[in-house]
Amino acid sequence: MGGSGSKRCWTTSSSASVKVLLFMVSLIVVSGFVSVLGPLSSNWFFLSAYPWLWSSGLPAASSSSVKFSVSSVKGSENRLDLVVVEVHNMEEAISDDDSVVNRSSTPPHAIEPLQAQPNGTKEDMDYTPMSGSGNIVPPVNESLLKARRDYTNLDRLEVGLRRARTAIKEAKQGNQTQDPDYVPIGPMYRDANAFHRSYLEMEKQFKIFVYGEGEPPVFHNGPCKSIYSTEGNFIYGIEMNNQFRTRDPEKAHVFFLPFSVAMLVRFVYVRDSHDFGPIKRTVIDYVDVISKKYPYWNRSLGADHFMLSCHDWGPEASRSTPPLYKNSIRVLCNANTSEGFNPTKDAAFPEINLRTGSIHGFLGGPSASHRPILAFFAGGLHGPIRPVLLEHWENKDEDLRVHRYLPKGVSYYDMMRKSKYCICPSGYEVASPRVVEAIYSGCVPVLISDHYVPPFSDVLNWKSFSVEVPVKDIPNLKKILMEISPRQYIRMQRRVVQVRRHFEVHSPPKRFDVFHMVLHSVWLRRMNIRVHNDVDVL
């Protein structure tokens, strides 16, 4: 190609000494590049706990480092060493980036645009070390060039992520970045500056490859008008997206497995059989297909892949194959840490019951001073927590309107709009659509659950706009709410209104809405996975 020809022009010289000098410079540059990236003899990835991005107290899976070594992987001819390293502070996680990325090259708030080439992007080009005005490249054969090109495509993605991590760290110490649409600010965010810069970095470079295998209705499809509607809305949103979706897997940071657990339950599961076998076999077969057809699953043992489910059986479906459960990013409504949800690598998914397929008519409510009811709940017996709530408060207090069934003619949504606090107890699973319903109506959520990780907890400071009540304190519920001062309640209620944009569903999606927040959750976790596909090119 033309670029190669121009590079070869630099190798011609009338002086043998110049040739030798340039050749030695080239070898030094190549050897330095190799020493930075590590030995070219294995495939590996690093997984770090995400709290280094924010000053948060979020739970981590473990405080110790673990190393796994796998001698062989199906579909891969190379030895694969899997290293998992957990990092619990930002400085420790970012320190290993300094040797690869020059911090001064990434200003705190400057967004570096990718310079597109006429027939592709920078990632499409072969990498040739350059030094000064010219360089000598040792001759290699065609297969060698292909191996080097495959290697540097992934390496450039990793360098981009390292730059993003550095920029986020610097944003924590700098001024707020300007934004024409929305600038996060306030105690609702764990670190507003870091979140905003992370979001902008995501918009700049994040790319997702959606596997095309599989047919609807189980694949590439999902419900859009039910309690599981977020599944269908996300699948549709990402497959129609032109900003984050890439058709070239070599440019992808993550890979999406486009199956819907809700649709698996509907079309594959045998009703009332209590047999998960058909669902699990479908997932196993799908992973088997993509792992044999593409190199990316085996390259990282699924660590840069993600699945998404709002169905209660999402975690069970993910257990179909160990790498999916242990390594992959699982975006789940059922974010229960006691059942294997790992906030280090998994992301909580908001459960939104779109009865009409739209949020039209469900947003908004009166101000804090026009809500006469202290707290409200209506719902049947479902799981172990609600019976306790109903036993203590059902129809027993005018301030706490707790009902198993609403009185005839009383509107559920009107009651939420009239209430200061909306009680959101878990059912059989930890997630509840009441949390988002409360936020939509401007009602402060009262979370009553054990082991629940609320959505976007790595960004949002839920304690600033919700109340968390342990199950054991249900008898003291009214006392707990009454002890919150009017001034503090007004602050919390205003914050609920401010964070609502992050839970809204739009078609097409809008910046900072629930679709983009889910993407951002995946983006954060991908930034903490360092994938390196080494190929022996020497």
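Strand β11 (residues 419-425) is joined to strand β12 (residues 444-448) by five bridges, and the two strands run parallel; strands here are DSSP runs of E with at least two residues, helices are runs of H or I with at least four, and both are numbered from the N terminus, while two strands pair if DSSP finds at least two bridges between them. The model is predicted, so that local features need pLDDT of at least 70 and side-chain atom pairs count only at pLDDT 80 or more, whereas totals for chains, interfaces and linings use all residues. Residues are numbered from 1 along each chain as its sequence is written, and side-chain values use heavy atoms, with hydrogens and water left out.

Within this pairing, Cys422 stands opposite Pro445 of β12. Strand β9 (residues 373-378) also runs parallel to β11, through three bridges, and Ile373 has Ser419 of β11 as its bridge partner. Because six of its seven residues are buried, β11 is largely enclosed by the rest of the structure, buried meaning under 20% relative accessible area with a 1.4 Å probe and protein chains only.

The largest nonpolar core (buried Ala, Val, Leu, Ile, Met, Phe, Trp, Tyr and Cys residues joined through side-chain atoms within 4.5 Å) has 126 residues, of which Phe234 and Tyr421 touch the most other members. Helix α17 (residues 514-527) gives the most to this core, with nine residues.

Helix α5 (residues 192-205) packs against α17 at an angle of about 90°, with the axes 10 Å apart; the two helices are therefore roughly perpendicular, a term for angles of 65 to 115 degrees.

How values were computed:
Buried means under 20% relative accessible area, exposed over 50%, partly exposed in between (1.4 Å probe, protein chains only). Axes are lines fitted to C-alpha atoms, for helices over the stretch in contact, and angles run from 0 to 180 degrees between N-to-C directions. Angles under 35 degrees count as roughly parallel, over 145 as roughly antiparallel, 65 to 115 as roughly perpendicular and the rest as oblique.
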